[in-house]
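Me: Please take a close look at the surroundings of the ligand in this model, and then follow the chain outwards from there. I would like one connected account that keeps to what the coordinates support.

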Amino acid sequence: MSRILLSGGAGYIGSHTAVELLNEGFEVVIADNLYNAEKSVIDRIEEITGKSVTFYEIDVCDKSAVDALLDKENIDAVIHFAGYKAVGESVQKPLMYYRNNIDATLTLLESMKEHNVKRFIFSSSATVYGPFNAIPYVETMKIGDCTSPYGTTKLMIEKILDDVAATDKELSVVSLRYFNPIGAHPSGLIGEKPSGIPNNLMPYITQTAKGIRECLTVFGDDYDTPDGTCIRDYIHVVDLAKGHVAALKYALNHAGSTPINLGSGKGTSVFELIKTFERVNNIKLNYKVGPRRDGDIAAFYADAALAKKLLNWETHQTLEDSCRDSWNWECKNK
Ligand code: WQD
């Protein structure tokens with residue numbers, strides 16, 4: 001069975017993808033420098049699946065380390081998660097983001113070329129659509145005008161992948177444009193574990209419900225949306241992980257460079273998410289409305305048709321499932 005390398009595979013999306021790959025009978029190798037992940041995640045992936053994972057604690061910017069791994073492991077495809085992803089931090093530290101996110105990708109691609117590895121799935125983001133496209137976002141739209149250096153690294157990497165695939169007819173690349181991943185594996189053994197104060201909405205909700213945070217601030221209720229709060233396309237991380245398995249199966253049989261949205265195709269407002277979380281978990285959340293956050297776009301969600309057409313993939317988990325699983329993870333995650 002195919003042996004798949006997950007760079008950054010100990011992280012939130014990577015660990016859930018490792019579980020779904022193992023469940024499908026793939027062999028999994030994880031390379032992670034544990035900058036934003038814990039080694040215990042590897043054990044939990046094995047506990048959930050009852051299967052073993054090969055783990056390398058390396059930085060994928062280190063060419064000699066990646067070469068040594070590909071010398072030793074017979075890898076059929078790479079799923080590339082490794083990268084810094086804090087939008088606000090990227091604005092403060094652009095050089096760190098460009099150096100790390102671009103360098104990691106170039107190092108992997110160079111080593112893959114030297115080892116004749118021809119399939120690459122990239123963890124991209126809806127942020128590449130920028131603030132000016134109409135909604136729902138479609139893959140054929142012009143991308144760019146990203147609102148942060150983090151988003152621009154995703155944009156640059158997609159362009160690099162297009163150019164590299166244009167010169168190597170055997171190379172198969174799929175850039176998966178994530179919308180807003182939330183939720184956790186129903187076991188409660190793996191989930192999102194932001195370091196420090198959470199930037200994203202769902203972990204801030206669960207930490208407020210847990211009493212770790214005093215109060216959730218809703219960043220603005222004066223947007224041009226039905227209830228005044230921002231609208232996003234929230235996708236359960238297990239659905240997202242299964243989308244990676246579907247993209248891998250597609251890449252194993254197709255060449256070229258293809259961007260594909262991974263979203264539910266539905267928009268949910270901040271207030272709607274809060275109300276759903278409260279109802280599903282029977283919790284009264286402490287929140288207040290504050291000023292808008294710089295860079296926030298009023299509303300965006302996915303046109304999910306291409307993923308259904310090419311990958312035969314669509315979301316199945318509901319918003320309620322995501323709220324229930326996020327809270328279960330927060331309660332079990334000591
Ligand atoms: C969602 C909504 C906030 C926190 C970003 C990146 C994207 C991806 C996911 C990395 C917005 C509101 C949030 C809070 C709030 N990247 N909010 N109070 O900004 O849509 O997407 O994260 O993994 O590339 O751009 O997600 O969860 O930060 O915000 O009111 O304490 O929740 O204003 O409207 P976002 P988010």
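Reply: A polar side-chain atom of S125 lies 2.9 Å from an oxygen atom of the ligand, and since this model is predicted, that distance, like those below, is a computed value. N200 likewise places a polar side-chain atom 2.9 Å from an oxygen atom of the ligand, while for D296 the corresponding separation between a polar side-chain atom and a ligand oxygen is 2.6 Å. There are 20 residues around the ligand, and those that come nearest are N200, L201, T217, R232 and D296.

From this site one can follow the chain in both directions. The loop between strand 5 (119-125) and helix 6 (149-167) contains A134, and A134 is exposed because its relative accessible area is 52%. The C-alpha atom of A134 is separated by 9.8 Å from that of Y301, although the two residues are 167 apart along the chain.

On another stretch, helix 7 spans residues 201-210 and includes T208, which counts as buried because its relative accessibility is 8%, under the 20% limit. Leaving aside residues up to four places away in sequence, T208 touches R213, E214, C215 and L216, as well as L285 and N286. For L285, which is 77 residues away from T208 along the chain, the separation of the C-alpha atoms is 7.1 Å.

Earlier in the sequence, T107 has its place in helix 5 (residues 94-114), and T107 is buried, since its relative accessible area is 4%. With residues up to four places away in sequence again left out, the contacts of T107 are V60, C61, D62, K63 and V66.

Closer to the N terminus, strand 1 (residues 3-7) is largely enclosed by the rest of the structure, because five of its five residues are buried. In a regular strand, side chains alternate between the two faces of the sheet. In strand 1, R3, L5 and S7 point one way and I4 and L6 the other way, and all of them are buried. Strand 1 runs parallel to strand 2, to which five bridges join it, with S7 standing opposite A31 of strand 2. Strand 1 also pairs in the parallel sense with strand 4 (residues 77-80), here over four bridges, and in this pairing L5 stands opposite V78. Together with helix 1, strands 1 and 2 make a right-handed β-α-β unit.

Helix 1 and strand 2 appear again in the surroundings of helix 2, as what covers the buried residues of helix 2 includes helix 1 (12-23), strand 2 (27-31) and strand 3 (54-56). The buried residues of helix 2 (residues 40-49) are V41, I42, I45 and T49. These four lie on the same side of helix 2, because they cover an arc of only 105° around the axis. Just after helix 2, G50 takes a positive phi of about 70°.

To return to the part you asked about, the side chains of S125, N200 and D296 each bring a polar atom to an oxygen atom of the ligand, at the distances given above.

How values were computed:
Residues numbered from 1 in each chain as written. Predicted model: local features only at pLDDT ≥ 70, side-chain atom pairs only at ≥ 80, totals over all residues. Heavy atoms only, no water. Helix = DSSP H or I, 4+ residues; strand = E, 2+ residues; numbered from the N terminus. Buried < 20%, exposed > 50% of the residue type's maximum accessible area, 1.4 Å probe, protein only. Contact = heavy atoms within 4.5 Å. Arc of directions from axis to C-beta. Pairing = 2+ DSSP bridges. Right-handed = clockwise from strand over helix to strand, strands pointing away. Near = heavy atom within 4 Å. Polar contact = N/O pair within 3.5 Å; in protein donor to acceptor, adjacent residues only side chain to side chain.
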